[in-house]
Amino acid sequence: MSKNKIAPSLLAADFGNLQRDVEMVNNSLADWHHIDIMDGVFVPNISYGMPVLKSIAQHATKTLDVHLMIVDPDRYIKTFAELGANILSVHYEACTHLHRTLQAIKTEGMMAGVALNPHTNINLLEDIINDIDIVCLMSVNPGFGGQSFIENTYNKVKNLKELIVRKNANTLIEIDGGVTSKNAKALIDAGADVLVAGSFVFKSEDPIATIKNLKDIIS
Ligand code: DX5
Ligand code: ZN
């Protein structure tokens, strides 16, 4: 069994049938639930917040991978831990004291993640990579599902993988945005460990089969 993971993004779920869609992920070969929290300030969109995450957590049986697209994430680290997040990713661009933020996330018992916007160079992680459990490389501009994959992501994955190896770090690489069955294999070959997929899974006719297909491709 391969260690590579698929994390369906619930942003693309049917919110009128959220429990059903969370249970679909439970019953699939997916590895994690990817949860996108947007504040309308860091990104030009508002998704959902704590009460919805609480409901998701009540039904979800897999790792909760929470991606914060919010300014000043330090204010809510404890809250997300209490809500059941297992992985908490903050944006590099939203953190003035990233080292402190990552320690605070770990103190709350969560894996600490850093998300990078498409324009943010991975070399900026040189002095912090050993403190990061997972880097989430945005392969679209954050804020919306259903956008096209940015091709330069392949270069970023390769450079990040080199940095991780050179620094002898254990950091996972996650790709978020525009992932489909067409780019999944190339992303894994470039060094990715986890693929987030929103629209490609939830807008498909048979999401369980689509997840299985993605797992087969990356295994
Ligand atoms: C974008 C979010 C993504 C999004 C991915 O801001 O971080 O997780 O849900 O959606 P797709 O797979 O449709 O690009
Ligand atoms: Zn995301």
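In this predicted model, ligand 1 is surrounded by 20 residues. The closest are G143, G146, D176, G198 and S199. Ligand 1 sits in the largest pocket.

Polar atoms of the protein lie beside oxygen atoms of the ligand. In the side chain of S199, an N or O atom is 2.5 Å from an oxygen atom of ligand 1. For D176, the distance from a side-chain N or O atom to an oxygen atom of ligand 1 is 2.6 Å. G178 contributes through its backbone: one of its polar backbone atoms is 2.8 Å from an oxygen atom of ligand 1. On its own, ligand 1 has 380 Å² of accessible area, and the protein covers 98% of it.

D176 also takes part in a metal site. The zinc ion (ligand 2) is coordinated by D176 through OD. Its other protein donors are H34 through NE2, D36 through OD and H67 through ND1. The coordination distances run from 2.0 to 2.3 Å. Both H34 and D36 are buried.

The zinc ion (ligand 2) has six donor atoms, and its site is octahedral. The angles among these donor atoms range from 69 to 168 degrees. Along the sequence, the donor residues follow the spacing H-x1-D-x30-H-x108-D. D176 thus links the two descriptions: this residue coordinates the zinc ion (ligand 2) and is among the residues closest to ligand 1.

Terms used. Residues are numbered from 1 along each chain as its sequence is written. Chains are lettered from A and ligands numbered from 1 in the order in which they are written. This is a predicted model: local features need pLDDT of at least 70, side-chain atom pairs count only at pLDDT 80 or more; totals for chains, interfaces and linings use all residues. Side-chain values use heavy atoms; hydrogens and water are left out. Donors are N, O and S atoms within 2.8 Å of the metal (3.2 Å for Na, K and Ca); water is not among the atoms, so sites may look incomplete. Four donors count as tetrahedral if all angles lie between 85 and 135 degrees; four count as square planar and six as octahedral if opposite donors are over 155 degrees apart and all others between 65 and 115; anything else is irregular. Buried means under 20% relative accessible area, exposed over 50%, partly exposed in between (1.4 Å probe, protein chains only). A residue is near a molecule or strand if one of its heavy atoms lies within 4 Å of it. A polar contact is a pair of N or O atoms within 3.5 Å; within protein, one must be able to donate a hydrogen and the other to accept it, and residues adjacent in sequence count only if both atoms are side-chain atoms. Accessible areas come from the Shrake-Rupley method with a 1.4 Å probe; for residues, only the protein chains shown count as cover. On a 1 Å grid over the protein atoms alone, a cavity is a set of points where a 1.4 Å probe fits but cannot get out, and a pocket is an open set with protein on both sides within 12 Å along at least five of seven lines; lining residues have an atom within 4 Å of a point. A molecule sits in a cavity or pocket if more than half of its atoms lie within 2 Å of its grid points.
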